[in-house]
Amino acid sequence: QVQLVETGGGSVQPGDSLILSCVASGRTFSELAMGWFRQAPGKEREFVAATSGYGTIQYYLDSVKGRFTISKNNAKKTLYLQMNSLKPEDTAEYYCAARPVSDDTVYYVGDKQYDYWGPGTQVIVSS
């Protein structure tokens, strides 16, 4: 069993930055492919970014490329999402997700491909 807890959300102005963190427990962290998803009010959950077990591969939603960076610190068992140049359309509840893997070349972009989820952290971007 893997437990995930996100922190770092908040209310910011357009153009500001935030760093989301997701601490994991219950499994060797480097054996987890992980991702960030978000869900805005009234909308379906949306893929944001994904990374492989050792963090050597990253993949992003087109609309966040160049603004968001996903990274893993395996020693701290923490997944990060650095979000720069935030826009009002980035407003959502953000969730981290994990799936055990045995291959560092694997990452996932579909929410149904993940086994474990955190409770979420809210990000509001408004002037």
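Two strands count as paired if DSSP finds at least two bridges between them. Keep that in mind as we walk through this predicted model, starting with strand β7 and then zooming in on one lysine.

Strand β7 covers residues 68–73. Its partner is strand β8 (residues 78–83), and 6 bridges join the two, which run antiparallel. To find your place along this pair, look for Ser 71, which sits across from Tyr 80 in β8.

Now step back to the sheet. It's an open one with 4 strands in the order β1-β3-β8-β7, and the pairing is antiparallel. That puts β7 at an edge, with β1 (3–7) as the other edge strand, and each of these pairs on one side only. On average, neighbouring strands of this sheet are turned by 15° against each other, if you ignore direction.

Back on β7, let's look at Lys 72, which belongs to this strand. Lys 72 is buried, yet it has no salt bridge. The nearest side chain of opposite charge is Asp 104, 6.9 Å away. A salt bridge would need a Lys or Arg side-chain nitrogen within 4 Å of a carboxyl oxygen of Asp or Glu.

So what does the side chain of Lys 72 reach at 2.5 Å? It's the backbone oxygen of Gly 53. The backbone oxygen of Phe 29 also comes in, at 2.8 Å from a polar atom of the Lys 72 side chain.

Both of those residues turn up again among the contacts of Lys 72 beyond four places in sequence, a list including Phe 29, Ser 30, Leu 32, Met 34, Thr 51, Ser 52 and Gly 53. From β8, Thr 78 and Leu 79 are in contact with Lys 72 too.

Key:
Residues numbered from 1 in each chain as written. Predicted model: local features only at pLDDT ≥ 70, side-chain atom pairs only at ≥ 80, totals over all residues. Heavy atoms only, no water. Buried < 20%, exposed > 50% of the residue type's maximum accessible area, 1.4 Å probe, protein only. Lys, Arg positive; Asp, Glu negative; His and termini not counted. Polar contact = N/O pair within 3.5 Å; in protein donor to acceptor, adjacent residues only side chain to side chain. Contact = heavy atoms within 4.5 Å. Axes fitted to C-alpha atoms, helices over the stretch in contact; angles between N-to-C directions.
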